[in-house]
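Here are my notes on the model you sent. Please read them with the structure open.

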Amino acid sequence: MVLFSGVSLGRSHAAENQEWTNPYLDVNENMWSYQYITELNKADVLPGSEKFEPTQDENRGNLVLYLYNMDQGVFKKREKAAKEKDEMAVPTFTDVEKDSALYDAVCWAYQQGLVSGATEDTFQPDSLLTREQVCTILARFAALEQIPLIQVTNTDQFKDSLYIQEYARSGVTACQISGVIKGYDNGFFCPEENMSRQEVAAVIYRVMAAASTSIPEGVTLVDLSPGAYDSLYDSYTDIPFTALVPASEEEGPISFFDKAVFIGDSISLTLESYCGASGALGNAQFLCAGSMSPSNMLTGKILPEYPKGSGQKPPIEDSVAACGAKVVYVMLGMDNIAYGLEKSTGDYVTILNNIMAKNPDVQIIVQSVTPMAETSTSFTDKLNNDAINAFNAKMQEICQQNRWYYLNVAEKFKDENGFLILDYCSDKTSMGMHFTYDGAKVWVNYLKYHIPEDLL
């Protein structure tokens, strides 16, 4: 069933006769979100500007502005749901002044019951939007505009459905079963995850397009009344997420790695070399560079070349998108740990969030940083195995919070005292942290027996 059309819904007859020009320098036809962004701009829902910044997280102020533009433009003549209006219910938010470009939109959204204040006297227009918040607002908007959403899928439980806040549950389910939004490939919805501007554009467009979709006879429409699907959650069971990937009894299929890319520093270069020579991980791709750390990746100082041999070194999130990977293995940190736990993990999380914003459907698998050999000459009071262990422990905690997978590769390479096993170390008399091919072989074997079951 084709649910959403590709027509531009909000243009006047005169506008349709004018050639439309893409105003955004950072939006092009190769982007998955191109249709959604451009159609909304054609319909005057998204304002024109030099840049759209599609991978940046969207905020509350912009969302209500887009919906207000739609209500006043595309849906201006559309019959609205009957609603008792309290003429005195004009918000007095101290952070949205009357001369603000958002003022009319915020007042409208507040009076229509689409949003409330972040606090009693603030709206916080710059606050970022979560997935559950966007679903809630869109379901209320669809109800207001009396947009019939066709049910196209079942009311299946996400693994984290019970972590959706109660106020948002029916809204999330309404958006889920209408195809406005979907969960991730691993079965999670991630309700508290922020949404990028292009993701928000996609779901807004789907709601707008649904308004012009003919309703075939016999279809089921989504119930947009408040709390319509709340009772479903009474039968849902808690399915906790565990970031740490356990060992499996059987070796996983090598074909799994055909959709994977490995991001890493000089330690991962040996794995790349070994796999390139042996094909041990199938058609896995690698984005690695010596001395590459989250910090110098963010500044652009060191980035992997992609495509290889091209001389180009785009931001890592762009390289991940270009290589088409669905699973992203990352081992970074050795070159950052000396900066302290807060900065090293903070920059790491920024890199991972950038990857997720550009590639919302990928699965992240963080690999623990491997230890240094006892003979290493690189030990300092800031870079040592204790610091590495603390870094790894913090990253495992962060992975649990963000529902990223965590692979404790380091456990396979420690001797009885926690040092890197010398037989696996290629520079035991100097840096004492890089691998031999024998070490890379052990690494590959570990990977094959530690594939997240949810991703198979």
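The points below cover the sheet, the helices on it and the enclosed space.

1. This is a predicted model, and the points should be read with that in mind.

2. The sheet is open and has 5 strands, in the order β2-β1-β3-β4-β5, with parallel pairing. Strands in a sheet are held together by backbone hydrogen bonds, in either a parallel or an antiparallel arrangement.

3. The edge positions belong to β2 (285–288) and β5 (405–407). Each of these has a single partner strand, so one side of each lacks a neighbour in the sheet. On average, neighbouring strands are turned by 20° against each other, ignoring direction.

4. Strands β3 (residues 327–331) and β4 (residues 363–367) run parallel and are joined by 4 bridges. In this pair, V327 of β3 stands opposite Q363 in β4.

5. Two helices to look at on the sheet are α8 and α11. Helix α8 (residues 266–278) touches β1 (260–264), β2 and β3, and its direction makes about 155° with that of β2. Helix α11 (residues 341–358) touches β1, β3 and β4, and its direction makes about 155° with that of β4.

6. How many cavities of 30 Å³ or more are there? The count is 1. The largest cavity holds about 100 Å³ of space.

7. Which residues line the largest cavity? Among them are Y184, N186, C190, E193, N402, R403 and W404. M356, which falls within helix α11 (residues 341–358), is also in the lining, as are V362, Q363 and I364. By class, the lining has 6 nonpolar, 3 polar and 2 charged residues. Q363 therefore appears twice in these notes, as the residue opposite V327 and as part of the cavity lining.

Definitions and conventions. Residues are numbered from 1 along each chain as its sequence is written. This is a predicted model: local features need pLDDT of at least 70, side-chain atom pairs count only at pLDDT 80 or more; totals for chains, interfaces and linings use all residues. Side-chain values use heavy atoms; hydrogens and water are left out. Two strands pair if DSSP finds at least two bridges between them. Axes are lines fitted to C-alpha atoms, for helices over the stretch in contact, and angles run from 0 to 180 degrees between N-to-C directions. Contact means heavy atoms within 4.5 Å. On a 1 Å grid over the protein atoms alone, a cavity is a set of points where a 1.4 Å probe fits but cannot get out, and a pocket is an open set with protein on both sides within 12 Å along at least five of seven lines; lining residues have an atom within 4 Å of a point. Grid points are joined across faces, edges and corners, and a volume is the space filled by probe spheres set on the points. Ala, Val, Leu, Ile, Met, Phe, Trp, Tyr, Cys and Pro count as nonpolar, Asp, Glu, Lys and Arg as charged, and the others, Gly among them, as polar.
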